[in-house]
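Student: I'd like to learn how to read a few features off a model. Could you walk me through one?

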Amino acid sequence: MLLDNPVLLQLKRQSEEARKAAGLPPLSYEEDENSGKKNDGSRKRDGRRANGGERHDKDSRKNNSAAYAYGNMKEGMVKATDKGYGFLEVDLKESYFISPPNMKKLLPGDRIIARISETAGRTQAYPVELTEPALTRFVGRVSIANNRVSVLPDRPGFKNYMRAKNLVTDHKLKEGDWVLATLSQHAMNTGNGEHLIEVTEYITAGDDPEAPWWVVLKEANLPNKAPDDLDSYVFHESGIERKDYTALPFVTIDSSKTKDMDDAVYAERIGESEYLMYVAIADPTGYISEKDPLNAEAARRAFSIYLPGRDIPMLPRKLSEDLCSLWNDEVRPALVGVFKIGADGSLSDDISFEFANIKSRGKLAYDDVSDYLEGKETAFKPDPDVAEVLHILEEFQKIRCAYRSTHASLFRDKPDYEFILDEKGALTEIKQVFRRIANKIIEEAMIAANACAGAFLAKNCGSGIFNVHAGFDAEKIKDVVALVRDTEAPVKEAEQLLTMDGFCALKRWLDADDNVYLDARLRKYYSYASMSLTPGPHFGMGLDYYATWTSPIRKYGDMINHRLIKYCILKNEKPNVPDEDLLNSMNLAKKQNRIAERGVKDWLYVEYLRQFIEPKTEFQGEIFDISRGGIRVRLFENGAVAFIPSPLICGDRLRADGDSQTGRFYIDKKVVFELGQFVPVRIKEVNVSTRSVIGELVNPVD
């Protein structure tokens, strides 16, 4: 938040001084009706970064020439070019020229308000006010000349080093070093028109082979190691009576490399057509109380971080990979959910959770179990009782998939990608990993367990950490109706599309019809999935409630749900339910983890894909984004993202037009490409500094 960020506060004060000097009215301070605090204009009320905040109604700000006394005002983002000039991008189709002298005061990505006027027959943007700087805290590379330190921000569009003040005292900076820096003063708010940069922390050397991990984690403000282990750990719930399930042949099925195993499963038939599913989950809250410092650390981290070649646990490794991990042949305390599955695959309302001790009978790998169940040659030979459980689990998976395919919706079968690194951290191979029968068994078991936990908490507690998704954004439903109106979709009316049944019916129809283009268009109108403190439906999964509790080693929200489930069983003192601030930080941590994973992968991809340029290796690229500038594809063979600029699609740029609204690319006003389409592509070049990949069509358009 701005109130907690000294850099943003300083920039805000400078902006206010600049406004005063320019004769502009001060930013308005409105009472935030949701929190009772003063809204300083730095963020919208939904928590996203605002384009200047809640200053005034946007349209009135743009048209209020009396307030600005500068004529036609426009707000937008600054886009830089290699030739010194730039553009103010107001929306997808509106941009204004910014002259080189004015660009010297700006940074690529700045949000500004500018006066639009015509000079020498050309419409130009003249910067008036900085509403949001492109930089505050950032990572960059050092250059040293004449004992002066300069930093090149590691951001798209930044091509020039910026002079910096070095505040690092514990390390002598060298050429190429990676550092953390802050923008202390923006040129629009300084008297000399220069940006002031401060280097605050050394990250690593420029030639460090582990730089991708250290730099990306620092940029995302994420930890780069596990919490420190304690000398010993005490299990605080030894006085609670636990059922003895050690004789039941529970099994863990996971990657062969996994050490933090937090779930084990067992199933048995009831009669001829029903099933009783047992899902045993590791019990770290038995070791970590709410007042424990480790709990505060887990709350701060929120999730374990999984990156190519390494992982950073949320909990100390002694807990996550040993004491709490459900290793085979080791007795472990667990929280066990017991659920009945009907003959049609439906989940019964008969849900129970139990304190128990279990002993896994096997640390099984996905591929071994899949080979065995698919009748392939394999060295894996399970004991008879384990073999029986595996076959029952296979039956369970099939009826659950059949049920969800007709009552909810299934996930599309797309590959994951496993990065194989050498001892120096270089990417040597990327393996496609498809969901096989063993993966689907665990997937269905966890979905069922989390759906049951959601229903249990909603009924018995009324609170928890729920994963919610409202389907289509209600404010955009008219666009959805317009898209499906002339199709054979089973639901077309807004009232139906805004219900979970209608949403799922449409998704099932799209999957059955294999209409990837329409599916891609409609996804742009989805609301965001998020975590919620109150029970709510998850339209994307077709579930009334979904509350994850199956990964408490890896997710802090699951630890919270464990405590709430235990409270419902024991009827003891109710644990604390997090406030909105903690929930927002958990949602942010989830987003930052994804950014970090993508960042490391992008870094590894550019070096890996270089080898395919000279031999002109062909790949299949799935189009997932289209703009005026070109198309963006994801390579099916390895998951890399490549951008194909319009000139490499059609030599005559005037004939080409990409439309992000329709998701189609036109040549001579005829559709040649659309979202979801696969096209043969080659790697043309890779840019190490921006970690970007440029592709080209194998068959460019004539």
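Student: How many salt bridges does a search of the whole structure find?

Tutor: Side chains of opposite charge can pair when their charged atoms come close. The rule here asks for a side-chain nitrogen of Lys or Arg within 4 Å of a carboxyl oxygen of Asp or Glu. Searching the whole structure that way gives 45 salt bridges. Keep in mind that this is a predicted model, where local features need pLDDT of at least 70 and side-chain atom pairs count only at pLDDT 80 or more, while totals for chains, interfaces and linings use all residues. Residues are numbered from 1 along each chain as its sequence is written, and side-chain values use heavy atoms, with hydrogens and water left out.

Student: Which salt bridge links distant parts of the chain?

Tutor: Look at E418 and K257, whose side chains meet at 3.4 Å, N to O. E418 sits in strand β22 (residues 416–421) and K257 in the loop between β14 and β15, 161 residues apart. Strands (E, at least two residues) and helices (H or I, at least four) are DSSP runs, numbered from the N terminus.

Student: Are E418 and K257 buried, partly exposed or exposed?

Tutor: Buried means under 20% relative accessible area, exposed over 50%, and partly exposed in between, with a 1.4 Å probe and protein chains only. E418 is partly exposed because its value is 29%, whereas K257, at 59%, is exposed. For a contrasting case, take E237 and R242: their closest N and O atoms are 3.3 Å apart, and both residues are buried.

Student: What about D322 and K318?

Tutor: Their side chains form a salt bridge at 2.7 Å, N to O. They lie 4 residues apart in helix α7 (residues 317–323), so about one helical turn separates them. D322 is partly exposed at 26%, and so is K318 at 36%. There is also a network of salt bridges linking D367, D371, E374, K376 and R436.

Student: What is next to K257, at T258?

Tutor: T258 is in the loop between β14 (252–254) and β15, and its relative accessible area of 12% makes it buried. A polar contact is a pair of N or O atoms within 3.5 Å; within protein, one must be able to donate a hydrogen and the other to accept it, and residues adjacent in sequence count only if both atoms are side-chain atoms. The T258 side chain makes one with the side chain of D254, at 3.1 Å. Leaving aside residues up to four places away in sequence, T258 touches K363 and R554, where contact means heavy atoms within 4.5 Å.

Student: And how do I read the sheet that holds β15?

Tutor: Strands of a sheet pair through backbone hydrogen bonds, either parallel or antiparallel. Two strands pair here if DSSP finds at least two bridges between them. The open sheet has 5 strands in the order β13-β20-β19-β16-β15, with mixed pairing. β13 (243–244) and β15 (263–270) are at the edges with a single partner strand each, so one side of each lacks a neighbour in the sheet.

Student: In which sense do β13 and β20 pair?

Tutor: Parallel, over 2 bridges, with β20 covering residues 347–359. D244 has N357 as its bridge partner in β20.
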